[in-house]
Amino acid sequence: MSDVLTVTDLAVRFTGEGGIVDAVEGVSFALKERETLAIVGESSSGKSVTALALMRLLGGPPNCVVRGQVTLRRQDGERLELLSLPEARMASIRGRDIGMIFQEPMTSLNPVQRVGAQIAEGLHAHERLSARAASDRAVSLLGHVGIPEPALRARAYPHQLSGGMRQRAMIAMALACRPRVLIADEPTTALDVTIQAQILELIRALQKETGMSVIFITHNLGVVAEVADRVLVMYAGQVVEDAPVATLLGRPLMPYSAGLIASVPRLDDVRRRGGRLAAIPGNVPDPRARPAGCTFHPRCAHARPDPCEAARPALEAAAPDHAVRCARWREIAA
Amino acid sequence: MIRFLIRRIGQSLVLLVLVSMIGFALLHLTPGGPLSQFALTPGMSAATLAQISHAMGLDRPLPIQYLDWAGHLLRGDWGRSYRDQQPVLDIIVSHLWATLELMGSSSLLAIIFGTWVGVLGAIRRYSIADYLATIGAMIGLSIPTFWFGLVMIYIFSVWLGWLPSGDMYASGHASFIDYLRHLILPCLVLTLVTIATWSRYMRASMLDVISQDYIRTARAKGLRRRAVLVRHALRNALLPMITIAGLQLPTLLGGALVTETVFTWPGMGRLFLDSIGYRDYPVVMGLLMFSALLVLIGNLIADLLYSIADPRIRLS
């Protein structure tokens, strides 16, 4: 399978009144066709910023500088370097080649526009469709994402729909032009657990049907286990581990990944250990003052002054499809 | 909806009664009365003055006078001017259009340009244009209208001699072009002051909207920058401006009062000031009630429009 999207050395730097923040540093990964890549990490690990940078939806310079390369391979084989495209050209990529859905479906929809019109608008922007045809397509798309009485719902305003329905409408909007890549930024975080499962199932079914690739951003490892083929673990703006989902969840090499997995609450653990939850000690470092050496060493049980505090470890290949950023992974694994 | 209307109209009526009471009391508390201008007339005696006062009913207790006035008003009789015995309503209506022309033209210009300046300031935040607009708005808000008007007259009428300094028509030839030439200066003064306020509100509203999630969604759909700005950002940013426009009405009326006086524009503002000078109680009270009614109706219309423009609002 070939790569649809290749990200090389992506870096995002914000300059504000509070100083310089390197939100993302040296992120590289490749997204294969039909693959679901999960990006996992705590808040402020840089996972959402990475996604927004790919879509070029962050503010521009001088406050925000994005470096690196993002290469999209289109349906016809054409390779596009997204970060250097003119804005108008990039707008024609958004929604057509890469669709995106967001965490909060209430605030992500325009409150004063009918749901159907908001979907039709995207179709209209990319395809030469009459207004009538676009709104008919919007209705059938709503039906396709499992919204009952789609013709009625298309005429509704966002506040008249439930959270799950709104997220379904967002998905219909993002997939209206059948993009090859869907970026889902915590799409189920704001939803009830039962609705979460339905939305995950919907994304999976649509992916099977259209053959699109999905970048799934989440902090929920339960969701990762359910949807992902491959996992990218991010910490303090960097990729710290990149592995197939079974490997990562079964034998993580980076102590941070292991810590994340250990801190997933499990009913049987809670009973056995008397209600105590495992947690990674400490907090994500302030991005304006990240520790020297490995950024995770102050919170790591395996940290040693040498080599962990001496230099920032590089992302190393532990196996052909498994990369890890840890100076001591061999000793820890042993 | 119907219940909302009934409640709002009820509230407005109570407000109107309060306004009329306070206005009536304040007016009669001001030193000097309608008769003071006759006091210095040669041959006028205190007895004659008292006689006139009695004939006009001004010697009765204030509450009685108020009830008498209010009773007539309820029967549709706004009274007659002390000055020329014309019916008050006729006088107001004859001055109404001049004010509406001035307010209407300047509001229209101010809304168009103020929106533009505000949007520009928001999307090019902290740019040179934004700073200039901010400074301009501060100047526009802080200089007194009458002084600004006088400066304008000095520059354009006295110094350059381009435009007339006052009135609505030149005596003799009353053409539309002539009318426009008279309208320019007072309209400009009122417009610039209104732009200052409007552009500030617009900038804040727009800044609030462009950081919303749905703007990001609109861009993620692949809409062009202009489509995002006009269809999603501007539409939402204009919603609160409907209310602001309603709230601005009294300010605009006040501004018109000063501007009309400076430019001797024959509108309600000037009529108000003249009538106060003469202590022409019926006309002043009539104008007061008329303005209050205008403001209340303006706000009611603003609320109704808001509920039409924003589907989330249900009037109840």
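**Exercise 1. The second largest cavity**

Task: In this predicted model, work out which elements of chain A and chain B each supply at least two residues of the lining of the second largest cavity.

Solution: Begin with the residues themselves, for the second largest cavity is lined by G95(A), G99(A), M100(A), M170(A), M173(A), A174(A), T217(B), A220(B) and K221(B). Next, place them on the elements: β6 (98-101) and α6 (163-174) of chain A, together with α8 (213-220) of chain B, each supply at least two residues of this lining. Then ask which element gives the largest share, and the answer is α6(A), with three residues. Sorted by class, the lining residues of the second largest cavity are five nonpolar, three polar and one charged. Finally, the space inside the second largest cavity comes to about 50 Å³.

**Exercise 2. The largest cavity**

Task: Find how much space lies in the largest cavity and which residues are the closest to its centre.

Solution: The structure as a whole holds seven cavities of 30 Å³ or more, and the largest cavity has about 80 Å³ of space. Of the 13 residues that line the largest cavity, P255(A), C294(A), C300(A), C308(A) and C326(A) are the closest to its centre. As a last step, sort the lining of the largest cavity by class, which gives 10 nonpolar residues, two polar and one charged.

**Exercise 3. The interface of the two chains**

Task: Describe the contact of chain A and chain B, starting from how many residues each chain gives to it and ending with the salt bridges across the interface.

Solution: Count the residues to begin with: chain A gives 29 residues to the contact, and chain B gives 19 residues. The next step is area, and here it helps to know that the size of an interface is often given as the accessible area lost when the parts come together. Chain A and chain B bury about 2200 Å² between them, with 56% of it on carbon and sulfur atoms. Within chain A, the residues that lose the most area to chain B are P111(A), V112(A) and E121(A), and together they account for 26% of what that side buries.

Now turn to the pairs of residues that face each other across the interface of chain A and chain B, where 13 residue pairs are found in polar contact, both residues being at pLDDT 80 or more. On the side of chain A that touches chain B, α2 (87-93), β6, α3 (115-126) and α6 of chain A each supply at least two residues. The largest share of that side comes from α3(A), with five residues, and by class the side has 15 nonpolar, nine polar and five charged residues.

Three salt bridges are found across the interface of chain A and chain B. In a salt bridge, the side chains of E121(A) and K221(B) meet at 2.8 Å, N to O. Looking back, E121(A) is also among the residues of chain A that lose the most area to chain B, while K221(B) is one of the residues that line the second largest cavity.

**Exercise 4. A salt bridge in chain A**

Task: Locate the parts of chain A that are linked by the salt bridge of R56(A) and E87(A).

Solution: The whole structure has 31 salt bridges over all chains, and in one of them the side chains of R56(A) and E87(A) meet at 3.6 Å, N to O. R56(A) lies in the loop between α1 (47-54) and β4 (64-73) of chain A, whereas E87(A) lies in helix α2 of chain A, so that, with their positions 31 residues apart, the pair links distant parts of the chain.

**Exercise 5. The two largest pockets**

Task: Give the volume of the largest pocket and of the second largest pocket, and say what lines each of them.

Solution: The largest pocket has a volume of about 1500 Å³. Of its 37 lining residues, L58(A), G59(A), G60(A), R219(B) and R225(B) are the closest to the centre. Both chains take part, as β1 (3-16), α1 and β4 of chain A and α4 (88-123), α7 (176-210), α8 and α9 (225-262) of chain B each supply at least two residues. Among these, α8(B) gives the most, with four residues.

The second largest pocket has a volume of about 500 Å³, and its lining of 20 residues has S107(B), I111(B), A245(B), L249(B) and L252(B) nearest its centre. Here α4, α7, α9 and α11 (281-309) of chain B each supply at least two residues, and α9(B) gives the largest share, seven residues.

Methods
Residues numbered from 1 in each chain as written. Chains lettered and ligands numbered in written order. Predicted model: local features only at pLDDT ≥ 70, side-chain atom pairs only at ≥ 80, totals over all residues. Heavy atoms only, no water. 1 Å grid on protein atoms, 1.4 Å probe; cavity = no way out; pocket = protein on both sides within 12 Å on 5 of 7 lines; lining within 4 Å. Points joined across faces, edges and corners; volume = space filled by probe spheres on them. Nonpolar A, V, L, I, M, F, W, Y, C, P; charged D, E, K, R; others polar. Contact = heavy atoms within 4.5 Å. Buried area = accessible area lost by both parts, 1.4 Å probe. Salt bridge = Lys/Arg side-chain N within 4 Å of Asp/Glu carboxyl O. Polar contact = N/O pair within 3.5 Å; in protein donor to acceptor, adjacent residues only side chain to side chain.
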